[in-house]
Amino acid sequence: MERIIDLRSDTVTRPSREMREAMASAEVGDDVLGDDPTVKRLEARMARLLGKEAAVYVPSGTMSNVLALLSQTSPGDEVILDRNCHIFNYEVGGAAVLGGLQLFPMDGEGGLLPIDSLPAAVRPANIHHPRTALVAVENTHNRAGGRVYPFDQLEAVSRFAHERRLRVHMDGARLANASVKTAIAIDRYGALVDSVTFCFSKGLGCPIGSILVSDAATIDRARSWRKRLGGGMRQVGILAAACLYALDHNVARLAEDHDKAARIGAIIERSGKYRLTFPVETNIVIFAPVDPLAGMGALERSIRGVGILAHLISERSMRMVTHLDVQEADIERIEGVLPRILEA
Ligand SMILES: Cc1ncc(COP(=O)(O)O)c(C=O)c1O
């Protein structure tokens, strides 16, 4: 059997030998007591990278996002976000359950907030209304096929929100992909928002870990929430060392993942039977059958039969994601077999 090419997500990567060596030799301490030097180094480096005061290392992007919301709002507040974003769809309603927050989903185009409709989404002060407290954006956008949030639109959202004293949170689980794609420095994105979730366990190839970056007061509150939720970790420098390794070695190479995704996208486009749901901008390819009655289940089984795994988003939508463990030879194999299967 040929090696499996796993395109279900960029979370499937396995830490490399070099990353494991960095982990094995990490200096550690009890991080709940503030004693882990490697975690401190990672948090300080990420705060600098985003141009912010502080950061807190957490187990997952989901925890980072919920900490961001809980630390910048009060129960009963409202959060404006795009209907297709990760926070609204894939975080098990954590903001509502844990923070008593009401989410106000908006129908934007391709994961972007509809700027013209934003004014009407902010609640005027009135005894009947929840208080609009925060606007959340996602960059790159997972369900919009890894789309990069256009910088000028982000500036417009940020200006709009800040003029109304609303906080802005960016789910930047894949912000490194956005920055590599646009060549816009990460701190320029950071300057537009009040808090950022950044993940190491996706394109950057770490086994675990995300970080929330913001001002010092917000991070103090987030640290307290992290402990309350059981996310205080002890000698966790062993994981933070993987993240530091990834920052040094795995950021610039994201461009290779983007090129590989574009090559898969080109195969889909050429097939005639399937079309891209979104243009491929970074490492995510989402596509659907042209035939309005066709499903994707048979395609998923056929490609699995030749050792290629993809994620069925729904019966009519499939996702393929490139990452550190998808090699040039894998893409050549895909270029060899996928056209035939798509046209079958
Ligand atoms: C955009 C985005 N935000 C947040 C997350 C959550 O990350 P985690 O799986 O580490 O909780 C994901 C996961 O894929 C994601 O794609």
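**Exercise 1. Strands under a helix**

Find the strands that helix α10 (residues 216-228) lies across, and place them in their sheet.

Solution. Helix α10 lies across β2, β7 and β8, and runs at about 20° to β2. The model is predicted, and the steps below apply to that model.

Step 1. Those strands are part of an open sheet of 7 strands with mixed pairing, in the order β2-β8-β7-β6-β5-β3-β4.

Step 2. The edges are held by β2 (54-58) and β4; each has a single partner strand, so one side of each is left without a neighbour in the sheet. From one strand to the next, the twist averages 20°.

Step 3. Strand β7 (residues 195-199) and strand β8 (residues 210-214) are antiparallel and pair over 4 bridges. To check the register, start at T197: its bridge partner in β8 is L212.

**Exercise 2. The neighbours of β3**

Determine the sense in which strand β3 pairs with strand β4 (residues 102-106) and with strand β5 (residues 132-138).

Solution. Step 1. With β4, the pairing of β3 is parallel and has 5 bridges. E78 has Q102 as its bridge partner in β4.

Step 2. With β5, the pairing of β3 is parallel and has 3 bridges. Here V79 stands opposite L134.

Step 3. Strand β3 (residues 78-82) is mostly covered, with 4 of its 5 residues buried.

**Exercise 3. The shell around the ligand**

List the residues that surround the ligand, and sort the shell by class.

Solution. Step 1. The list reads S60, G61, T62, N65, H86, E138, N142, D171, A173, C199, S201 and S210.

Step 2. Sorted by class, the shell has 8 polar, 2 nonpolar and 2 charged residues.

Step 3. Helix α3 (residues 61-71) supplies 3 residues, the largest share of the shell.

**Exercise 4. The second sheet and M318**

Describe the open sheet of 4 strands, then decide whether M318 is buried or exposed.

Solution. Step 1. The strand order is β9-β10-β13-β12, and the pairing is antiparallel. At the edges stand β9 (274-276) and β12 (311-314), each with a single partner strand, so one side of each has no neighbour in the sheet. The twist averages 35° from one strand to the next.

Step 2. Strand β10 (residues 284-289) and strand β13 (residues 317-321) run antiparallel and are joined by 4 bridges. I286 has R319 as its bridge partner in β13.

Step 3. M318 is in strand β13. The cut-off for a buried residue is 20 or more other C-beta atoms within 10 Å. M318 counts as buried because it has 24 C-beta neighbours inside 10 Å.

Step 4. Neighbours within four places in sequence aside, the contacts of M318 are F287, M296, L299, E300, A310, H311, L312 and I313. One of them, E300, is 18 residues from M318 along the chain, and their C-alpha atoms are separated by 8.1 Å.

**Exercise 5. A helix pair**

Classify the crossing of helix α8 (residues 175-182) and helix α12 (residues 254-271).

Solution. Step 1. Two packed helices are described by the angle between their axes and the distance between the axes. For this pair, the axes come within 9 Å and cross at roughly 80°.

Step 2. Angles of 65 to 115 degrees count as roughly perpendicular, so α8 is roughly perpendicular to α12.

Step 3. From α8, the contact is made by A176, N177, V180 and K181; from α12, by L254, A255 and H258. By class, the contact has 4 nonpolar, 2 polar and 1 charged residues.

**Exercise 6. Backbone exceptions**

Which residues are joined by a cis peptide bond, and where are V92 and A183 found?

Solution. Step 1. Most residues other than glycine have a negative phi, and most peptide bonds are trans.

Step 2. The cis bond joins N139 and T140, with omega about 0°. T140 is in the loop between β5 and α7 (151-163).

Step 3. V92 has a positive phi, near 55°, and is in the loop between α4 (86-90) and α5 (94-99). V92 counts as exposed because it has 11 C-beta neighbours inside 10 Å.

Step 4. A183 also has a positive phi, about 60°, and is in the loop between α8 and α9 (186-190). With 7 C-beta neighbours inside 10 Å, A183 counts as exposed.

Definitions and conventions: Residues are numbered from 1 along each chain as its sequence is written. This is a predicted model: local features need pLDDT of at least 70, side-chain atom pairs count only at pLDDT 80 or more; totals for chains, interfaces and linings use all residues. A residue is near a molecule or strand if its C-beta atom, placed from the backbone, lies within 6 Å of it. Helices (H or I, at least four residues) and strands (E, at least two) are DSSP runs, numbered from the N terminus. Ala, Val, Leu, Ile, Met, Phe, Trp, Tyr, Cys and Pro count as nonpolar, Asp, Glu, Lys and Arg as charged, and the others, Gly among them, as polar. A residue is buried if 20 or more other C-beta atoms lie within 10 Å of its own, exposed if 12 or fewer, and partly exposed in between; C-beta atoms are placed from the backbone. Two strands pair if DSSP finds at least two bridges between them. Axes are lines fitted to C-alpha atoms, for helices over the stretch in contact, and angles run from 0 to 180 degrees between N-to-C directions. Angles under 35 degrees count as roughly parallel, over 145 as roughly antiparallel, 65 to 115 as roughly perpendicular and the rest as oblique. Two residues are in contact if their C-beta atoms, placed from the backbone, lie within 7 Å.
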